Amino acid sequence: MSTIIYYEICLDRITNEELSVNNKIINMALIQVKNLKKQYENEEIITKVLHGLDFEISKGEFVAIMGPSGSGKSTLMHILGFLDKPSSGEFMFANKNIQDLTDDEMAETRNFDIGFIFQSFNLLPRTSVYDNVKLPLLYSKLPAVEHDKYVRDAVEAVGLTHRISNLSNQLSGGEKQRVAIARALVNNPSIIFADEPTGNLDSKTGGQIMKILQDLNEMEKTIILVTHEKYTAEHAKRIIYMKDGNIHSDSKVTNRLIIHEGEELAK
Ligand SMILES: Nc1ncnc2c1ncn2[C@@H]1O[C@H](COP(=O)(O)OP(=O)(O)OP(=O)(O)O)[C@@H](O)[C@H]1O
Ligand SMILES: [Mg+2]
């Protein structure tokens with residue numbers, strides 16, 4: 001068997017962090033962050049937000065990032081999702097140092113590998129569910145003849161096929177959030193970032209969203225979820241707790257909560 005085929009088989013099966021082939025260690029971390037710092041500067045003031053973070057996230061993990069308001073959760077998420085750049089430190093994505101990537105390469109990774117779900121949905125108003133979900137495909141290299149299928153599959157995955165022609169402003173909050181998830185999924189990204197995806201929803205719709213995220217994680221998608229609520233975070237497999245721009249704790253979830261069809265997400 002050729003080494004490449006062997007690698008591919010192992011990569012399909014692997015869930016832990018490292019793989020040894022011919023005594024060579026291949027690091028399976030999808031994200032590696034070393035001494036990552038971020039500060040915002042304007043004429044009068046420098047705001048130091050992230051003070052030197054170190055952690056790794058492997059393929060297939062489901063990580064919740066918790067912490068008080070202002071602790072730097074969204075800032076970190078934007079950097080990890082290629083929406084912003086760190087001020088210093090190292091950030092490796094799929095074993096590539098992002099400092100070495102051009103802006104075009106960064107945009108390409110963002111369009112291909114990353115799906116983003118925002119708390120405020122960020123849907124185009126007066127635009128159909130179909131067209132909102134299709135939007136990321138306009139920037140992708142996936143063949144145009146397949147776009148219709150990708151859009152319909154993503155809308156079906158979040159249970160909104162019956163609303164596919166509705167305008168986004170004709171939807172409930174939970175439906176809007178599901179459209180945002182479909183839009184994040186349509187490119188078949190390897191990693192999905194969700195910033196407070198259940199924060200604006202009632203507990204029943206929050207439960208639907210968390211169920212979709214757990215199902216996606218079962219399908220090997222890496223999920224990184226920001227939440228204020230401990231109960232919500234306990235649906236993840238690991239919790240990174242941030243405080244004042246530092247990692248205060250980083251631990252596995254023991255007694256992880258699994259949500260079932262129709263169950264509510266308690267607050
Ligand atoms: N563009 C910016 N310029 C200056 N300061 C900023 C900027 N963006 C964020 N900050 C500051 O960085 C800190 C962290 O913000 P961030 O949005 O990451 O917090 P958060 O943990 O996501 O909070 P929340 O739970 O309220 O969403 C805050 O003190 C915020 O005021
Ligand atoms: Mg935030």
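Lys-38 has Leu-50 of strand 4 as its bridge partner, and this pair serves as the point of entry to a predicted model in which two open sheets can be described, one of six strands in the order 8-9-10-5-11-12 and one of four strands in the order 4-3-6-7. The points below take up the four-stranded sheet, the six-stranded sheet, a pair of helices and the surroundings of ligand 1.

**The four-stranded sheet**

- The pairing in the sheet with the order 4-3-6-7 is antiparallel, and its edges are formed by strand 4 and by strand 7 (96–97), each of which pairs on one side only.
- Strand 3 (residues 29–41) and strand 4 (residues 46–58) run antiparallel and are joined by ten bridges, and the two strands form a hairpin in which four residues lie between them.
- Strand 3 is also joined to strand 6 (residues 88–93), here by five bridges and again in an antiparallel arrangement, with Phe-91 of strand 6 as the bridge partner of Val-33.
- In general, the strands of a sheet pair through backbone hydrogen bonds, whether parallel or antiparallel.

**The six-stranded sheet**

- The pairing in the open sheet with the order 8-9-10-5-11-12 is mixed, and the edge positions belong to strand 8 (114–117) and strand 12 (246–252), each of which pairs on one side only.
- From one strand to the next, the twist of this six-stranded sheet averages 15°.
- Within the sheet, strand 5 (residues 62–66) and strand 10 (residues 222–226) run parallel and are joined by four bridges, and Val-63 stands opposite Ile-224 in strand 10.
- Helix 7 (residues 203–218) packs on the sheet, where it touches strand 5, strand 9 (191–195) and strand 10, and the direction of helix 7 makes about 150° with that of strand 10.

**Helix 6 against helix 7**

- The axes of helix 6 (residues 173–185) and helix 7 come within 9 Å and cross at roughly 15°; because angles under 35 degrees count as roughly parallel, the two helices are therefore roughly parallel to each other.
- Helix 6 passes helix 7 in a crossing that is right-handed.
- On the side of helix 6 the contact is made by Gly-173, Gly-174, Gln-177 and Ile-181, and on the side of helix 7 by Thr-205, Gln-208, Ile-209 and Ile-212.
- Of the residues in this contact between helix 6 and helix 7, three are nonpolar and five are polar, while none is charged.

**The surroundings of ligand 1**

- The residues around ligand 1 are Tyr-40, Thr-47 and Val-49, together with Gly-67, Ser-69, Gly-70, Ser-71, Gly-72, Lys-73, Ser-74 and Thr-75.
- Strand 4 and helix 2 (73–80) are the elements that give two or more residues to this shell, and the largest share, three residues, comes from helix 2.
- By residue class, the shell around ligand 1 divides into eight polar residues, two nonpolar residues and one charged residue.
- Strand 4 thus appears in two of these topics, as an edge strand of the four-stranded sheet and as a contributor to the shell around ligand 1.

How values were computed:
Residues numbered from 1 in each chain as written. Chains lettered and ligands numbered in written order. Predicted model: local features only at pLDDT ≥ 70, side-chain atom pairs only at ≥ 80, totals over all residues. Pairing = 2+ DSSP bridges. Axes fitted to C-alpha atoms, helices over the stretch in contact; angles between N-to-C directions. Contact = placed C-beta atoms within 7 Å. Parallel < 35°, antiparallel > 145°, perpendicular 65-115°, else oblique. Left-handed = near helix turned anticlockwise from the far one by under 90°. Nonpolar A, V, L, I, M, F, W, Y, C, P; charged D, E, K, R; others polar. Near = placed C-beta within 6 Å.
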